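Colleague: I would like a close look at one part of this model. Please keep the answer connected and brisk.

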Amino acid sequence: MPCHFGLESVLKKEILDLGYEVLSVEDGRVTFAGGEEALCRANVFLRTAERVLIRVGSFHAESFEELFQGTRNLPWEAYIPENGRFWVAKAASIKSRLFSPSDIQSIMKKAMVERLKSVYHKAWFSEDGDSYPVRVFLMKDEVTVGLDTTGESLHKRGYRKLTAKAPIAENLAAALIMLSPWRGDRILVDPFCGSGTFPIEAAMMAAHMAPGMNRSFIAEDWKHIAARKCWYQAMDEAADMVDKKIETDIQGYDIDDKMVAAARSNAALAGVEDMIHFQRKSVSELSHSKKYGFLITNPPYGERLEDKKELPALYRTLGERYAALDAWSMYVISSYEQAEQYIGRKADKNRKIYNGMMKTYYYQFMGPKPPYRKNRQQEERHGH
């Protein structure tokens with residue numbers, strides 16, 4: 001199961017929390033064991049994965065001939081019916097002799113056709129049935145072949161219709177929030193909220209809303225692999241968990257009116273508009289009267305050269321406004337190498353994360369822990 005490089009530990013914890021056994025953790029991938037129920041629940045509930053793949057098999061290949069034979073030896077007929085539409089949607093290769101994605105894709109497709117010809121005793125396939133996209137990953141000449149059950153990547157929750165210039169992917173935003181000690185009853189402010197991804201993901205977590213409950217998945221039609229009732233059960237489980245009664249203090253600010261309107265509209269599509277306060281505000285106006293809150297944000301990186309010269313002042317202002325908050329923590333993802341210098345203090349923790357192909361840093365400035373509060377439900381239970 002692919003995820004962002006640097007966030008494997010977060011996905012591993014999510015899988016364990018769902019109740020499944022993790023078999024291996026590699027760069028950008030976590031493998032776990034489970035049946036049809038696991039396939040459906042993983043798609044519906046995982047916040048930080050890119051997609052859920054069924055592992056068809058793996059083999060060693062240093063030549064295209066070995067790639068062809070290895071692919072042909074895999075049990076494709078167990079997955080792809082006679083009229084299935086199948087193709088290699090993506091090939092990625094690292095430190096391997098075979099590295100041309102288009103060649104890998106066409107050779108594997110030929111090998112799959114050969115295998116299915118011999119099984120179905122047909123010379124030609126109509127491919128007018130359900131879709132079966134295959135994804136392959138080559139690492140040091142080891143080929144891992146997966147069948148993609150997700151379709152459109154899992155970060156597409158279905159709520160983000162309007163985006164900022166450089167939006168942060170929903171699954172990346174969720175993972176970054178999960179790396180912080182923030183919980184739904186604590187304060188969260190994003191002073192550069194753009195189209196609202198951080199506040200919306202946080203509100204969905206606070207309300208226990210499964211990220212995949214408002215979208216569909218390509219494997220819903222694969223009744224021979226996962227029964228329809230499995231999908232219904234996962235969706236019912238997700239619906240039963242939602243609790244919007246939690247009191248939240250989640251805020252998103254942006255200097256651009258259009259972005260604030262987009263964020264509001266996205267929050268409404270996600271069903272969490274009542275849990276977030278969006279406002280047009282510049283970072284220089286950032287303040288909050290309460291203690292122990294969290295700033296979690298993705299400030300501009302200055303991808304365009306003309307924006308670069310504005311960055312020192314922007315990060316300096318962010319640092320000053322953060323310093324003025326009482327006992328807060330701040331989590332900043334940025335590819336800007338001098339972020340700490342202008343924020344005016346060194347991060348307590350710094351984590352390297354690849355956002356697509358861009359190397360970014362997750363700067364973590366830890367505030368003090370709030371005084372221990374007994375769980376309210378416990379207090380109620382004991383009649384306090």
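Why is the sulfur of Cys40 in no bond with the closest cysteine sulfur, in Cys230?

Modeller: Keep in mind that this is a predicted model. The distance settles the point. The sulfur of Cys40 lies 4.3 Å from that of Cys230, its closest cysteine sulfur, so the gap is too far for a bond. The cut-off for a disulfide is a pair of sulfurs within 2.5 Å. Searching the whole structure turns up 0 disulfides. Cys230 gives the matching view: its nearest cysteine sulfur is that of Cys40, 4.3 Å away, and Cys230 is in no disulfide.

Accessibility comes next. Cys40 has 0% relative accessibility, so Cys40 counts as buried. Cys230 has 9%, and therefore also counts as buried. The cut-off here is under 20%.

Now for the sheet, as wider context. Its 4 strands run in the order β3-β6-β5-β4. The sheet is open, and the pairing is mixed. At the edges sit β3 (53–60) and β4 (85–94), each paired on one side only. From one strand to the next, the twist averages 20°.

Take the β3 edge. β3 pairs with β6 (residues 142–148) over 7 bridges, in the antiparallel sense. There, Ser58 stands opposite Thr144 in β6.

Two helices lie across these strands. Helix α3 (residues 64–72) crosses β3 and β6, at about 135° to β3. Helix α4 (residues 101–120) lies across β4, β5 (131–139) and β6. Its angle to β4 is about 140°.

Definitions and conventions: Residues are numbered from 1 along each chain as its sequence is written. This is a predicted model: local features need pLDDT of at least 70, side-chain atom pairs count only at pLDDT 80 or more; totals for chains, interfaces and linings use all residues. Side-chain values use heavy atoms; hydrogens and water are left out. Buried means under 20% relative accessible area, exposed over 50%, partly exposed in between (1.4 Å probe, protein chains only). Two strands pair if DSSP finds at least two bridges between them. Axes are lines fitted to C-alpha atoms, for helices over the stretch in contact, and angles run from 0 to 180 degrees between N-to-C directions. Contact means heavy atoms within 4.5 Å.
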